[in-house]
Amino acid sequence: MSTKEWPLWEVFIRSKQGLNHKHVGSLRAPDAQLAIENARDVYTRRNEGISIWVIPSSEIVASDPDDSDSLFEPAASKVYRHPTFYDVPDGISHM
Amino acid sequence: MNNDLYTYTLRIADDSLILGQRLSELCGHGPILEEDIALTNIALDLIGQATTLFEYAATVQNEGKTADDLAFLRYEHDYKNVLLVEQTNGDFGQTIVRQWLFDTFRVLFYDALQHSSDTQLAAIAEKSLKETKYHCKHSSEWVIRLGDGTEESHSRTQDALDLLWRYSDELFFMDETDQAMIAAKVGVDLAALRPIWMERIQEVVQAATLTIPTNNWKQQGGRLGKHTEHLGFLLADLQYMQRAYPGMQW
Amino acid sequence: MKETNLEALETAFQAKIDKDIRIEPKDWMPEEYRKTLIRQISQHAHSEIVGMLPEGNWITRAPNLRRKAVLLAKVQDEAGHGLYLYSAVETLGADREATIDDLHSGKAKYSSIFNYPTLSWADMGAIGWLVDGAAIMNQVPLCRCSYGPYARAMVRVCKEESFHQRQGFEIMSTLANGTPIQKALAQDALNRFWWPALMMFGPNDSDSPHSQQSMDWKIKRFSNDELRQTFVDVTVPQAEMIGLTIPDPDLKFNEETGHYEFGAINWDEFWEVVKGNGPCNADRIAARRNAKENGQWVREAAMAHEEKRKAKQAS
């Protein structure tokens, strides 16, 4: 009785207009349509969403945590990208 | 009281209650976790619709009864649901074919009923329509998946359609109650919905590679309180607490 | 060389945990940590799913429309919670259906409480109040568990579960304030579920082999006995408030410690139920196995249809 199980989908929900879709979890579904419907039933039972994205988990490409030093640390030293890096004389507002 | 309006409302309420009760038997036993949740959502919508409709029926009846009195404390022949909704769940094919035949009808029915001159019924229809459209989409898609899927699923789904087709005609049952309600611009002329229903059913049947049964012998009686053997057992469960512990608050 | 490397990884891993940095799916983790989590989270998921059955029993017999809708919603939530948890299991590289097969073969365990029968409507109250109450006590600390996906799933679960316990207590207090027959139903349900609820926290700390490692890994934040004590301390006054009696002649409040002292738990019974000898073990597993087997053709059909559709689209 070997059978191909339904593939895994990652679910992203927009909770209200103006906010990004946010990853909430995963589920199993045979096709995109049912993945959306299942996501609706599983992840928005309490009005948590107004829009749903689903994507086959196998299609997600993720960065490797082993690379995180070289990927993300270089940004840490670029403090000049942040407004707090700059001195603004007292009395100057709206900046 | 307005007898016709009472009976009319009760018929709609009973369809929702009995089908909701049937679906709720499946909670915890669905073919996969996700579908278990989906079926329960449909059950919840139906129980919710039934509750509002019974509340309204109780108001129309004006005998001081509650929605629960109507839902739980009538005798078998006082339930006016169509025979289709009391049929057992069978396998998932049977559950979904029953749902789809009913949902396709219900969408058209609520769509028309939301224009009722009775503002209560119109409001209930408008709210229920949104839910029912989703049910109908879900069940129609499933009929297509199952009909077209594998040899086994095809034959199971065709069997279910063969079994349940005889109960589909009753969805369009009309008697003097309906005539009175249509005349009062409260009720829906079901005869007008029938060709659209058939068209939608055929669309799905075709996509599902199924065949509409040629057996045209139809069963009816539910609208008048004459049921199949299945209803009694369903009511035995439904009414158990109210019958075993009469008159208590829960 | 390799061994020192492993040691360094383990040290770095523990340092992260000690600093309360969450572990995420693709991060390096000790094999034992992964295995422990897969075992614990899938057991937790199985408990949610098997836990649908004793309450599912009463959905069709719920005494009124409101209770029916609430119970349906509650049991459905449990399916949802099972799913959130299986999602977390899958982030660890385990396959959900394979872990479910382990449940069906008896290899994987689930909470022993669900092997007790639900004999009256009052049991819906007792389960919500005591079983969900105990579960919440176990679960709230898990929201801070070191493994990110598990912690996030638990945040969701805990948020949703708060209504579960309340609806249970509401049922109990309605019955306790009802007719003498109803009050007797409530007391009987409390009598049957009290001790199994205390067993839900697991064996005494002295007999709990995995506990220390799980504490170090911050998978577990409080010991079984600590949680059990908290549960007793909050629940006893609730029972008193609605006029029910905790079925424990040894129960008494210790003014000095500020805690209730309670009688000995029958651990023989606990282990027998865990081993499969509870009143409903066979029924519960059979029901789950049937659901999966009866759904086999459905799942296959949906996949076959999708493959046909894709093929059609490609041609």
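This is a guided tour of a predicted model, moving from chain A through chain B to chain C and saying at each stop what to select.

**Chain A: two patches on the surface**

Begin by selecting A:Asp64, A:Asp66, A:Asp67, A:Asp69 and A:Glu73, which gather on the surface as a patch of negative charge. Within this group, A:Asp64 sits in the loop that runs between β3 (51-56) and α2 (68-76) of chain A. Is A:Asp64 buried, partly exposed or exposed? Its relative accessibility is 36%, and A:Asp64 therefore counts as partly exposed, since that class lies between the limits of 20% and 50%.

Next, select A:Val79, A:Tyr80, A:Phe85 and A:Tyr86, whose side chains form a surface patch of another kind, a nonpolar one, with about 410 Å² of accessible area together. If you centre the view on A:Tyr80, you will be in the segment that follows α2 of chain A. A:Tyr80 is partly exposed, because its relative accessible area is 42%.

**Between chains A and B: a network of charges**

Now keep chains A and B both visible, and select A:Asp31 and A:Glu37 together with B:Lys137, B:Glu141 and B:Arg145, since these residues are linked in a network of salt bridges. Side chains of opposite charge can pair when their charged atoms come close. Over all chains, the count of salt bridges comes to 46, and a few others are visited later in the tour.

**Chain B: a buried histidine and two loop residues**

Select B:His138, which you will find in helix α6 (residues 119-148) of chain B. With a relative accessibility of 1%, B:His138 counts as buried, because the limit for that class is under 20%. Add B:Trp100 to the selection and look at the C-alpha atoms of the two residues: B:His138 and B:Trp100 are 38 residues apart in sequence, and in space these atoms are 8.4 Å apart.

Then turn to the loops of chain B, where two residues have a backbone angle worth checking. Select B:Asn62, in the loop between α2 (33-61) and α3 (67-72); although B:Asn62 is not a glycine, its phi is positive, at about 60°. B:Asn62 counts as exposed because its relative accessibility is 64%.

Which loop holds B:Lys185? Follow chain B to the stretch between α8 (176-183) and α9 (190-207), and you will reach B:Lys185 there. B:Lys185 also has a positive phi of about 60°, again without being a glycine, and at 61% relative accessibility B:Lys185 counts as exposed.

**Chain C: salt bridges within and between helices**

Move to chain C and select C:Glu31 and C:Arg34, which form a salt bridge whose closest N and O atoms are 3.7 Å apart. Both residues lie in helix α2 (residues 31-50) of chain C, where they are three residues apart, about one turn of the helix. C:Glu31 is partly exposed, as its relative accessibility is 48%.

For a salt bridge between two helices, select C:Glu170 and C:Arg67, whose side chains meet at 2.8 Å, N to O. C:Glu170 belongs to helix α7 (residues 148-176) and C:Arg67 to helix α4 (residues 65-90), so this pair ties together parts of chain C that are 103 residues apart in sequence. C:Glu170 is partly exposed, with a relative accessible area of 30%, whereas C:Arg67, at 4% relative accessibility, counts as buried.

Select C:Asp225 and C:Arg228 next, and you will see a salt bridge of 2.7 Å, N to O, between their side chains. These residues of helix α10 (residues 224-241) are separated by about one helical turn because they are three residues apart. C:Asp225 is partly exposed at a relative accessible area of 24%, while C:Arg228, at 1% relative accessibility, counts as buried.

**Last stops in chain C**

Select C:Glu97 in helix α5 (residues 96-105), and show its side chain along with that of C:Arg96, for the two side chains make a polar contact at 3.1 Å. C:Glu97 counts as buried, because its relative accessibility is 6%.

Finish at C:Ala287, in helix α12 (residues 281-314) of chain C, which counts as buried at 16% relative accessibility. How far apart are the C-alpha atoms of C:Ala287 and C:Ser223? They are separated by 33 Å, and the two residues are 64 residues apart along the chain.

Terms used:
Residues numbered from 1 in each chain as written. Chains lettered and ligands numbered in written order. Predicted model: local features only at pLDDT ≥ 70, side-chain atom pairs only at ≥ 80, totals over all residues. Heavy atoms only, no water. Patch = residues over 30% accessible without salt bridge, like charges linked within 9 Å, V, L, I, M, F, W, Y side chains within 5 Å. Areas by Shrake-Rupley, 256 points an atom, 1.4 Å probe, with all protein chains shown as cover. Salt bridge = Lys/Arg side-chain N within 4 Å of Asp/Glu carboxyl O. Lys, Arg positive; Asp, Glu negative; His and termini not counted. Charge placed at Lys NZ, Arg CZ, Asp CG, Glu CD. Helix = DSSP H or I, 4+ residues; strand = E, 2+ residues; numbered from the N terminus. Buried < 20%, exposed > 50% of the residue type's maximum accessible area, 1.4 Å probe, protein only. Polar contact = N/O pair within 3.5 Å; in protein donor to acceptor, adjacent residues only side chain to side chain.
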